[in-house]
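This report describes a structure by way of its strands, its chain dimensions and a few of its local environments. The sequence and the coordinates are shown first, and the description follows.

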Amino acid sequence: MKRVFASAHVKRLFSALAALAILELMTGPPGSALAPTAGFTGSFGEPASFLGLFRTQRWVLFLFLALVMYGLWSAWLVWGQQVRTATAKAVSAPRAATRTRPVRWGMAVVVLAVALLLPHLITDPFWQAAMVEQIAVYVLLALGLNVVVGFAGLLDLGFVAFYAIGAYTTAWVTGALPTAAPFGIHFNNFYAIPIAIALAMGSGIILGAPTLRLRGDYLAIVTLGFGEIITIFANNLYGITGGSQGTNTIPHFSLHVGPIKYLWGLTPVPYYYLTIVFVILFIAGFKLLEHSRVGRAWTAIREDEVAAESVGINPLKYKVMAFAIGASTAGFAGVVTASQSNTIFPSSFTLQFSINILVLVIFGGMGSITGVVLGAIVIQTGSMYLLHTPPAGYQPQDLYIYLGALLVVMMIFRPAGLVPSRRRHREIGLAEKGEGHMNEVLTGDTP
Amino acid sequence: MLEVHEAVVRYGAITALHGISFEVNQGEIVTLLGANGAGKSTTLRMLSGLHAPQSGHIMFEGQDVTKTKAHLFTSLGIGHVPEGRRIFPQMTVEENLEIGAFRRRGSYSDDLERMYETFPILKERRKQIGGNLSGGEQQMLAIGRALMGQPRLLLLDEPSMGLAPMIVDTIFRIIGEIRDSGTTVLLVEQNAAQALRLADRGYVMENGKIVFGDTASNLLTDARVRAVYLGENVES
């Protein structure tokens, strides 16, 4: 008790104050050209209420919260170990149970049932649309990027390019672009699926074959450039892509087999089911791939490329394969989005989009299929919630501040992601001790 | 079995190998000796396809493999135990061994059992991850992984590096057993005395050249070798 003012306490108190001050600025009002300091003064000076209990000013509220954080932190240092062992003891039995095969299948069935019933449980039109456009499609994209980043360990910052290729291919084969549809026939959207997948895969191979000899950050820069090139093409090739206006005449999916006729219309629910079917197919496919010979080759390349070569793995071949599989998944997601919304604009295919998908993968857990699916659902639901019911002072462009903060916190407390893949968890653990080759994967340094 | 003719390797402006020639015959252990920077590791990198020679050529079992890509060497029958072992740190011991058989078709469980017989310690540790093994165990794992590819020629790069003398003895005994079971071995070593006692023949490298080669027993008694590489530690 005598040592209350010892430096560790002071440090903790200041850290709590600093964290809350940053949070205060993040959640505060924006400034403007006329009042450049308004963002700062407003963040601290505006009135605020604490759960409706009392009204005060923001700085008082945050000072209070900082003290609470300091208190909790100090308590954690004292009792944290006990809490941790107690929780570890409490969850060890259920956790061991989830490792057994029947329980895993049972959980999968429950999750599937919930996924299938969801449109009947949530009838709000905003959420029904969001479930397709912003969640299910992003789950697909995250699954695809996970093959590239998580399985093969390649940093791809131009993932949006393949998504755009898928979307524009759909517009092209269905005759919605200024350029003529192939053979002058306006195909059904279902035909767009194989064509878009093939084109996205093809461009993945064309981009990958020469550039995948590069490592780490060099590859990231090349893919970044590729993403920008595709967007610029879409914007400027007016006669082919419709330029910055894009197109808004893409038809919906329709099924016309014998007596069965079905048209996917403006309502999102049929699209939800269509996407869910493909999500399940992709999950099953990627699970098989992960444990196949190809998956083992990816693991080997990710861990040590030279050693992989020495056991007879052709790194280029398997890297291009991962790249092409990721690309085709994005291409497929492009088909779904384009068909569902009927419209595509070049301005929706931005670098920010690629980064967003990468955030889902890193947050969920690189290399873990369950992780990235969960990560995509959690982050996209969260951002849609903020859009739908914004808290006071929230602007849509604030989203990336929060995502950034979330990633920083994640990297401190759960660097391997929400549901870490077992192997990735070990890799990051070893990299922290300065062993292994994880840093090589992330930075491209060759030891 | 393996013949290298006038191989030249350059890294940019620096010439690492100035036209070296040597041969390895079936059933031998041949050792390459030399100080740091003499070109031993470059030679092995060249022989495993990681760095193709700018001129000269490499023949393996009568086939020209000068320009062959690194990942195809295992299929040819050349196994490589790289410098620094380079096992896959997150894979279990068993997964490491299994991936050594990556290019093989069909079952390899017999070989896996054979590896566990040769290296009993690996059997004990089969479910542990490679990164948690000791240096000697990692070296055994690296050798085992290379043997899983059923090589007829095994290239070993500094297998004794950083290991305790007792472990080095074990490793060298195993290298001898590998030769006795019919696999030819090319051994690059700094530990000249021990390498020469095990090997049939040896070559001495200096500044990217092979300065001389002879039978191991002759090299052990050679005045130049004794002076430069064996120093005071000669026991033979």
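In chain B of this predicted model, 4 strands make up an open sheet whose order is β2-β1-β4-β5, with antiparallel pairing. Because β2 (14-24) and β5 (63-64) of chain B each have a single partner strand, they stand at the edges of the sheet, and one side of each is left without a neighbour there. The partnership between β2(B) and strand β1 of chain B, which covers residues 2-11, is antiparallel and runs over 8 bridges; within this pair, Leu2(B) has Val24(B) of β2(B) as its bridge partner.

Chain A contains 18 helices and 4 strands. Its radius of gyration is 24 Å, close to the 22 Å that the globule rule gives for 447 residues, and chain A is therefore as compact as a globular protein of that length. The chain is divided into domain 1, made of the segments 8-27 and 55-72, and domain 2, which takes in 108-432; the C-alpha centres of these two domains of chain A lie 38 Å apart. Further values for the chain as a whole are collected below.

| Property of chain A | Value |
|---|---|
| Span of the C-alpha trace along its principal axes | about 85 × 60 × 45 Å |
| Residues that count as buried | 45% of 447 residues |
| Contacts joining residues at least 24 apart, among those between residues at least 6 apart in sequence | 70% |
| Accessible surface | about 22,600 Å² |
| Part of the accessible surface belonging to carbon and sulfur atoms | 71% |

Two local environments in chain A can be described in more detail. Ser43(A) belongs to helix α2 of chain A, which covers residues 38-45. With a relative accessible area of 1%, Ser43(A) falls under the 20% limit and is therefore buried. When its neighbours within four places in sequence are left aside, the residues in contact with Ser43(A) are Glu24(A), Leu25(A), Gly28(A), Pro29(A), Ala38(A) and Arg58(A).

The other environment is helix α11 of chain A, spanning residues 293-303, which is mostly covered, as 9 of its 11 residues are buried. Among the buried residues of α11(A) are Trp298(A) and Ile301(A), but also Thr299(A), Arg302(A) and Glu303(A). The N-terminal end of α11(A) is capped by Ser292(A), from which a side-chain oxygen lies 3.2 Å from the backbone nitrogen of Val294(A), and Val294(A) is itself one of the buried residues of the helix.

Terms used: Residues are numbered from 1 along each chain as its sequence is written. Chains are lettered from A and ligands numbered from 1 in the order in which they are written. This is a predicted model: local features need pLDDT of at least 70, side-chain atom pairs count only at pLDDT 80 or more; totals for chains, interfaces and linings use all residues. Side-chain values use heavy atoms; hydrogens and water are left out. Two strands pair if DSSP finds at least two bridges between them. Helices (H or I, at least four residues) and strands (E, at least two) are DSSP runs, numbered from the N terminus. Domain bounds come from an automatic or database domain assignment. The radius of gyration is taken over C-alpha atoms; the globule rule is 2.2 Å times the number of residues to the power 0.38. Buried means under 20% relative accessible area, exposed over 50%, partly exposed in between (1.4 Å probe, protein chains only). Contact means heavy atoms within 4.5 Å. Accessible areas come from the Shrake-Rupley method with a 1.4 Å probe; for residues, only the protein chains shown count as cover. A polar contact is a pair of N or O atoms within 3.5 Å; within protein, one must be able to donate a hydrogen and the other to accept it, and residues adjacent in sequence count only if both atoms are side-chain atoms.
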